[in-house]
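Dear colleague,

Please find below the structure that I am handing over to you. My notes on its bound ligands follow directly after it.

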Amino acid sequence: MGETNSRGTSMTEIFKAGFGSLIRSGPAADPRDEHLRSNLPESIKARLLDLSRDGVAISDLREKSMALVYVNRAFQDITGYSSGELLGRNCRFLQGNDRLQPEIQSVRDAVARRSDVAVTLKNYRKDGSCFWNELHLATFSITGGEPTHYAGLIRNVTAGKAAADQIAQSTRADLLTGVLNRYAFVEDVGILQRAGQGPILLAKIDMARFHDINEGYGYDVGDQVLMQIARRLTSTGAALVCRTGSNDFALAQPLRHADEARATIDMMRQSLAPRYLVAGATISIRFAMGYVVGNRTADAMTLVRHAGAALHRSKSSAFLDVCAFSSEDDRRARNRLRMTSEMQQALEHDEFHFHYQPQADLATGAIVGAEALLRWHHGLFGTQSPDKFIGHAEETGLILDIGARGFRAVADYAARMNKDRKTPITFSFNISPIEFKLRDMPKFVSDVLSASGADPAWIKLELTESLMVDSSAEMLSIMKHLRDLGIGLSIDDFGTGYANLRYLEDFPITEIKIDRGFVKGLAQSRSKRVIVESIIRISRELGFHVVAEGIETEEERALLVKMKCDFGQGYLFGRPVNAAGFELLF
Ligand code: C2E
Ligand code: CA
Ligand code: CA
């Protein structure tokens, strides 16, 4: 254990400073024990660590990447990586691509606060297989001041976790809130139906922005809110209350007559409405609700599915209106299912391709760049434009696969097109906010660019204003990292989103794309001219490129040149065309 890490701190020093405190024992009665406890020889500590069946790792907080500086044998056995492969890296890579686990956020939060944390989360071994990791992170300091290191204890609890899941399924209650779990709910709905005569009301309720509560207040507050919701629902006197998913609940109530449904739903809504008092804060929460009234012979599973389809419509309405199930919901739900499986197949069969639309220097007409626009070449329905399927891909998460492949394809294309070209063409790629939030963008972009050989300066990411609303430190840091790589960051559809322009100062943006809504009819509308002129003036002052979108006429181009807009895109210069068509332009 005499080895020394890159910073020159010896492991002995680290252990002395505090790691020993993790291996606590009970009160020592015998003074000899007391002596041994405070003077446990290093060789014994080292041997203990080698014998430990829990993995132990230490990372150095003073290094930017919080690199691992020590791993014991069990850590290597559990993860399948050798110490040579582990040391010097941040152990985040054990998460694989599974970044959606809420536990990961808890770990991130704890690390940001330099506090201890214990979670059980899914990790991945070197061979790609997953294991449940009971992780315990504790800080300690070798300087006696601020924490300098994290000690991580990992334990493979895969077997226990599987057993616990089975127990949860065989018991009937949701472990957190105590209301029914979904297996028991479906069973009991069946029993309710058989017991009475009249119709049965089945409602599904979704708590909006649960994720924000977890992020903003912490998971324990999120849990408390869920428990309060369950209590309020139970106190309405509903026959059955169930937690169907992380932030979804369901209710079932026998009715004398179908007319009573709406009043019953309103009563439930009212009981949920008052603000929630947790951890000294009062939080107001909005709920989406969908319901169905079924007769006694309806299949319980079908009722739950129908209430879910109505809930889906409620969730996508601007004011989360309560929605009663209609057969249209069912058709839509089936469509969504069909669409999801078709898109999965389309990915497998490589049916997504890009069209490229030229971007021109407005003064000279020279083509300087292109925007990559996604197309789905559907075997039966022909070429589909993104408006038909991007929304759905975002809802189902398929956008992550589509976007990842797409970005690789565009980077490869940029590398191919710009090979030996004196003035390179820049390629703009549309990034969905979902991708931006859920993927490690800087790492992903840098990996793809180095694999393709494309120069980062050839690539721009088009982002929507909605991302800037979230002016969190994390978003800012992601964007800075992306800029450090050398790629451009462009704000798409500028002027259609949020009016607060503060973000222009805060975020490291390089380009603004004026939405085509302002360009269309520019000559006829004085207010449009005023808006466009001020956007261009602000952009020039802040040093951004300006690209005007949707230029269709010579008149629009001439006006924009007069307003000192440098670049433009639109049917006047060329429609989006496939790669072969795009190459013909040169
Ligand atoms: P957008 O980023 O605003 O893309 C410009 C859209 O305007 C394109 O529609 C383009 O065909 C159309 N357009 C271009 N010039 C003109 C013009 O002079 N007049 C008119 N009327 N329209 C013009 P498209 O290709 O159907 O794309 C629609 C939207 O889909 C895009 O809007 C973008 O938000 C999204 N999208 C496209 N490709 C991708 C992608 O790879 N990933 C993601 N996440 N979204 C994409
Ligand atoms: Ca765009
Ligand atoms: Ca646009």
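A donor is here an N, O or S atom within 2.8 Å of a metal, a limit that becomes 3.2 Å for Na, K and Ca; water is not among the atoms, so sites may look incomplete. Please also bear in mind that this is a predicted model.

By that criterion, the calcium ion that is ligand 2 has as its protein donors Glu371 (OE), Asn430 (OD1), Glu462 (OE) and Asp492 (OD), which lie 2.1 to 2.3 Å from the ion. Along the chain, these donors follow the spacing E-x58-N-x31-E-x29-D. Asparagine 430 belongs to strand β16 (residues 426–430) and aspartate 492 to strand β18, so this pair ties together parts that are 62 residues apart in sequence.

The calcium ion that is ligand 3 is coordinated at 2.2 to 2.6 Å by Asp492 (OD), Asp493 (OD) and, listed twice, Glu549 (OE). The spacing of its donor residues in sequence is D-D-x55-E. Aspartate 493 is part of strand β18, while glutamate 549 is found in the loop between β20 (545–548) and α23 (554–562), so these two residues tie together parts that are 56 residues apart in sequence.

What links the two calcium ions? Aspartate 492 bridges ligand 2 and ligand 3, and the ions lie 3.9 Å apart.

I turn now to ligand 1. The space that ligand 1 takes is the second largest pocket. Its surroundings comprise 22 residues, of which the closest are Gln357, Arg375, Arg516, Glu552 and Tyr571. By class, this shell has eight nonpolar, six polar and eight charged residues. Strands β13 (352–361), β14 (367–378) and β18 (488–494) each supply at least two residues of the shell, and β14 provides the largest share, four residues.

Several side chains approach ligand 1 through polar atoms. In arginine 375, an N or O atom of the side chain is 2.9 Å from an oxygen atom of ligand 1. For glutamate 371, the corresponding distance to an oxygen atom of the ligand is 3.1 Å; Glu371 is also one of the donors of the calcium ion that is ligand 2. Glutamate 552 places a polar side-chain atom 2.5 Å from a nitrogen atom of ligand 1. Taken alone, ligand 1 exposes 800 Å², and the protein buries 84% of that area.

Yours sincerely

Methods:
Residues numbered from 1 in each chain as written. Chains lettered and ligands numbered in written order. Predicted model: local features only at pLDDT ≥ 70, side-chain atom pairs only at ≥ 80, totals over all residues. Heavy atoms only, no water. Near = heavy atom within 4 Å. Polar contact = N/O pair within 3.5 Å; in protein donor to acceptor, adjacent residues only side chain to side chain. Areas by Shrake-Rupley, 256 points an atom, 1.4 Å probe, with all protein chains shown as cover. 1 Å grid on protein atoms, 1.4 Å probe; cavity = no way out; pocket = protein on both sides within 12 Å on 5 of 7 lines; lining within 4 Å. Sits in = over half its atoms within 2 Å of the grid points. Nonpolar A, V, L, I, M, F, W, Y, C, P; charged D, E, K, R; others polar.
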